[in-house]
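Take a walk through this structure, starting with its cysteines and ending at its charged pairs. Keep the 3D view open while you read.

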Amino acid sequence: MERVLAYYMMRPIKKCDLLIIGGGAAGMAAALAAKGAGLCSVIIVERANVLGGILNQCIHHGFGHGYFGKDLTGPEYAERFTRRIMESDVEVLLETTVIQLQNRCALLAGSCGVGWVAFQHCIL
């Protein structure tokens, strides 16, 4: 049984043009920009159970002037970005951690199980 499990853990279970590790503001902006530039498949991997990163803890105003043209708190800014991500065809893997990067593949573990994702490009 261990050999069978090891075999499946070595094969990529997903493929994408761009793998983004981290679903904070930068990761979400990169994902939307990549889709806008024509990349077909983009995956965001986020270890938390929501997108937004540190923005979710920044309850003060001062976010969003440049991107949304409005004064927002961190959670409001994260929510607007998250909504744009969810309206796009960017795939999001929440509660998932990247364990290893090797030969344009990432070993992931999380709520979706354990497996490899093959990628052409990666943003950390």
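Does Cys-16 count as buried or exposed? Cys-16 counts as buried, at 5% relative accessibility. This answer, like everything below, comes from a predicted model.

What about a bond to another cysteine? The closest cysteine sulfur to that of Cys-16 belongs to Cys-122, at 8.3 Å. That is too far for a bond, because a disulfide needs the two sulfur atoms within 2.5 Å. Cys-122 is in no disulfide either. Its setting is partly exposed, at 30% relative accessibility. The disulfide count for the structure comes to 0.

Now turn to the nonpolar interior. In soluble globular proteins, nonpolar side chains tend to be buried together. Here the largest nonpolar core has 21 residues. Ile-20, Ala-31, Val-42, Ile-44, Tyr-77 and Ile-85 have the most contacts inside this core. Four elements each supply at least two of its residues: strand S1 (12-21), helix H2 (25-36), strand S2 (42-45) and helix H4. The largest share, 5 residues, comes from H2.

Val-42 is a good place to look around. Set aside its neighbours within four places in sequence. Val-42 is then in contact with Leu-18, Ile-20, Ala-31, Ala-34, Lys-35, Val-90 and Glu-91. Two of these names, Lys-35 and Glu-91, return below with the salt bridges. Apart from the largest core lies another, of 9 residues. Its members include Val-45, Leu-93, Val-117 and Phe-119.

Next come the strands S6, S7 and S8. Strand S6 covers residues 96-102 and pairs with S7 in the antiparallel sense over 6 bridges. Thr-96 stands opposite Gly-110 in S7. S6 and S7 form a hairpin, with 2 residues between them. In that turn, Asn-103 has a positive phi of about 50 degrees.

How many bridges join S7 to S8? There are 6, and the strands run antiparallel. S7 spans residues 105-110, and S8 spans residues 113-123. These strands also form a hairpin with 2 residues between them. Gly-110 stands opposite Gly-113 in S8. Ala-109 stands opposite Val-114 in S8. Gly-110 thus appears in both pairings: opposite Thr-96, and opposite Gly-113.

Move on to helix H4, residues 74-87, and find Arg-80 there. Arg-80 is partly exposed, with a relative accessible area of 26%. Which residues does Arg-80 contact, leaving aside its neighbours within four places in sequence? They are Phe-68, Lys-70 and Leu-72. Take Phe-68 as a case. Phe-68 and Arg-80 are 12 residues apart in sequence, and their C-alpha atoms are 8.7 Å apart.

Finally, the charged pairs. How many salt bridges does a search of the whole structure find? It finds 3.

One joins the side chains of Lys-14 and Glu-91, at 2.6 Å from N to O. This pair links distant parts of the chain, 77 residues apart. Lys-14 sits in strand S1, and Glu-91 in strand S5 (residues 91-93). Lys-14 counts as partly exposed, at 30% relative accessibility. Glu-91 is partly exposed too, with a relative accessible area of 30%.

Another salt bridge brings together the side chains of Lys-35 and Asp-89, at 2.9 Å from N to O. Lys-35 lies in helix H2, while Asp-89 lies in the loop between H4 and S5, so the pair ties together parts that are 54 residues apart in sequence. Asp-89 counts as exposed, at 56% relative accessibility.

The remaining pair is Glu-79 and Arg-83, whose closest N and O atoms are 2.6 Å apart. Why are these residues separated by about one helical turn? The reason is that they are 4 residues apart in helix H4. Glu-79 is partly exposed, with a relative accessible area of 45%. Arg-83 is partly exposed as well, with a value of 40%.

Technical notes. Residues numbered from 1 in each chain as written. Predicted model: local features only at pLDDT ≥ 70, side-chain atom pairs only at ≥ 80, totals over all residues. Heavy atoms only, no water. Buried < 20%, exposed > 50% of the residue type's maximum accessible area, 1.4 Å probe, protein only. Contact = heavy atoms within 4.5 Å. Core = buried A, V, L, I, M, F, W, Y, C linked by side-chain atoms within 4.5 Å. Pairing = 2+ DSSP bridges. Salt bridge = Lys/Arg side-chain N within 4 Å of Asp/Glu carboxyl O.
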